[in-house]
Each structure stands twice: as C-alpha cells, then as structure tokens.
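Trainee: Could you pick a single part of this and take me through it slowly? I'd also like to hear how it fits in with the rest.

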Amino acid sequence: MILKEFQEEAIRDLLDYTDSEKLIILDSPTGSGKTIILINYIDRLLDIKDNTAVIWFTPGAGELEEQSQEKMNRFIPNRKTKTIDQVLTQGIEAKDTIFVNWEKVTKSDNNALKDSERDNLKDKVRKAKLQGTEFIIIIDEEHKNDTKKAKSVIDLFDAKLQIRASATPDNLTGVKVVKITEKEVIAEGLITKSIYVNEGAVETDTESNETKLLLKLAVEKQKEIQKEYSRIGKNINPMVLIQVPNNDDNVIIEVEE
C-alpha cells in the first residue's frame, strides 16, 4: 500500500504519542483515508507491542465494523482480526484487532454483557488482562457515541490509550490532536478543490416535493456532464450520488420511488 505523505505523517505522530498520552484525537476530514491511516498505525504498533490488543468501535446500526475489518484483512492480511461474536467464543489474545459495533454492546437487549453460563465480554477482558494483555481503543466517529452506556463499555477495558477519530471532533481543549487539513488532502488529489451544492436550485422554485426537485436537478446535471464527455470522446457515465439523513426512512422511500 502506497500512502500519501500526510497519511505517513499522521501515522508517525500517532506512534510518537502512543506511550505518552492517554487520549489522542485524530482530526481527519472526509476523504482523507482515515481508516487506512488507522489500519497502518495498528500494523506498525503491533510490530513493537507484543502484549497489546486493539478494540475498534464503529457507530451506526451495523456493517461499518464489517467494512473496516474487511479493509484491514485485505490490506494487512498478516494481522488477526475478530468480531465481538468471535471474542465471546474464542476470547481475546495479544495482537488481536477486534471490531465492535456500538449497537452490539450498548443496546439493552445485547448478549455481550449479559451474565450467563458462558463467559461474557467482561469475563473475556478480565482473562486477557490476567495474561498481561493491554488495550488500546479506537473510537471511529467519536462524536456519535458520547453516552453514559458507551463510557461504561470503554471503562471496561481500562485502556492505556484512546484514539478518537472524527471529521468533526468535539472538545479539543487540552487534548493531543493529530490534525490533517483539507488543504493537505486536496493537494494529494484525494478530494476535490470545490463543491457546488444544489446548483440550479433557487428559492422561487415551485416544486412542492424537495426530494423530487433535487433529483430532477441532479439527473439534468448528470446528462449535461455525460454529453460533454461524449463531445470529447470519453465513454463515461457520471454517477449521481444521493446522501440522505441518518435513519430517515421516509426520504429513502421518496428517493427510491
């Protein structure tokens, strides 16, 4: 994997601060390769930390932890990754990287923390600590999980270090920050220099359904761009990317219709 210079610098900074800090904020804009940075940080960290396991928390209702784990398995195949379900059956070992969705451990009906005949997550953590394993926690999109329940789960690991990663971090006062600027990311060509939002939409538009209007404008723009590609001899079909608010099923239904 060939990393950009700002990514390499961020990894070096994270490694430099690992033994001296309890909390690091990775302030990394969307499109900068935050997951790639963290995966490579873990790989290099575990080269020098034989007794460390990494717990990687992801937000949302599901699948982001699977995507992050798949990316680590693909790019760093020599490292061992686990899901929370695998931890409950196999336990925690040094040099594991464990991907956990918050919903799995913070919902009231989750099984990971329930007392039962078999070990729960608390038991697995306790056994790992007795074997000398230390924990580093990564919290992806950290601003989305600031709840009492989440804090109790984090406290369970008594981690040496927390790395909280976000494109929009909160409460940076007095905290060690590894910051990547949009300027650096643009210079490497990973994100665009400018964005035109809802081009062509004006306040006097009479379209009653906002979703319908925006999709109409998007399709018109898509056709315009495709026509220009054809003019210069390029066979490119531009994508219309639609972003909807989190968990807004009504908007999703409108878009699909």
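Mentor: Sure, but let's settle some words before we start. A residue is called exposed when its relative accessible area is over 50%, buried when that value is under 20%, and partly exposed in between. Keep in mind, too, that we're looking at a predicted model.

Let's zoom in on the loop between α7 and β6, starting with aspartate 158, which lies in that loop. Its relative accessible area is 58%, so aspartate 158 falls over the 50% cut-off and counts as exposed. The backbone has something to show here as well: phi of aspartate 158 is near 45°, which is a positive value in a residue other than glycine.

Now look at lysine 160, which sits in that loop too, between α7 (148–157) and β6 (161–166). Lysine 160 has 37% relative accessibility, so this one is partly exposed. Which side chain does lysine 160 meet in a salt bridge? Its partner is glutamate 134, with 3.7 Å from N to O. Glutamate 134 belongs to strand β5 (residues 134–140), so the pair ties together parts that are 26 residues apart in sequence. Glutamate 134 is partly exposed as well, at 30%.

Why would such side chains pair up at all? Side chains of opposite charge can do so when their charged atoms come close.

With that pair in mind, let's compare it with some others. A search of the whole structure turns up 19 salt bridges. One of them joins aspartate 123 to arginine 126, where the closest N and O atoms are 3.9 Å apart. Both residues sit in helix α6 (residues 121–130), three residues apart, so about one helical turn separates them. Aspartate 123 is partly exposed at 22%, and arginine 126 is partly exposed at 43%.

You'll find a similar set-up in helix α9 (residues 210–231), where lysine 221 and glutamate 224 are three residues apart and so separated by about one helical turn. Their side chains meet in a salt bridge at 3.3 Å, N to O. Here lysine 221 has a relative accessible area of 26%, which makes it partly exposed, and glutamate 224 is partly exposed at 48%. Salt bridges can also join up into a network, as they do among Lys80, Lys82, Glu93 and Asp96.

Remember the positive phi of aspartate 158? Lysine 95 has a positive phi too, of about 75°, although it is not a glycine. Lysine 95 also lies in a loop, this time between α4 (84–90) and β4 (96–101). At 26% relative accessibility, lysine 95 is partly exposed, whereas aspartate 158 is exposed.

Finally, let's zoom back out. The chain has 10 helices and seven strands, and buried residues make up 38% of its 257 residues. Among contacts with a separation of 6 or more, 71% come from residues 24 or more positions apart. The salt bridge between lysine 160 and glutamate 134 brings together parts with a gap of 26 residues in the sequence. As for the outside, the chain exposes about 15800 Å², and carbon and sulfur atoms supply 46% of that.

Conventions:
Residues are numbered from 1 along each chain as its sequence is written. This is a predicted model: local features need pLDDT of at least 70, side-chain atom pairs count only at pLDDT 80 or more; totals for chains, interfaces and linings use all residues. Side-chain values use heavy atoms; hydrogens and water are left out. A salt bridge is a side-chain nitrogen of Lys or Arg within 4 Å of a carboxyl oxygen of Asp or Glu. Helices (H or I, at least four residues) and strands (E, at least two) are DSSP runs, numbered from the N terminus. Buried means under 20% relative accessible area, exposed over 50%, partly exposed in between (1.4 Å probe, protein chains only). Contact means heavy atoms within 4.5 Å. Accessible areas come from the Shrake-Rupley method with a 1.4 Å probe; for residues, only the protein chains shown count as cover.
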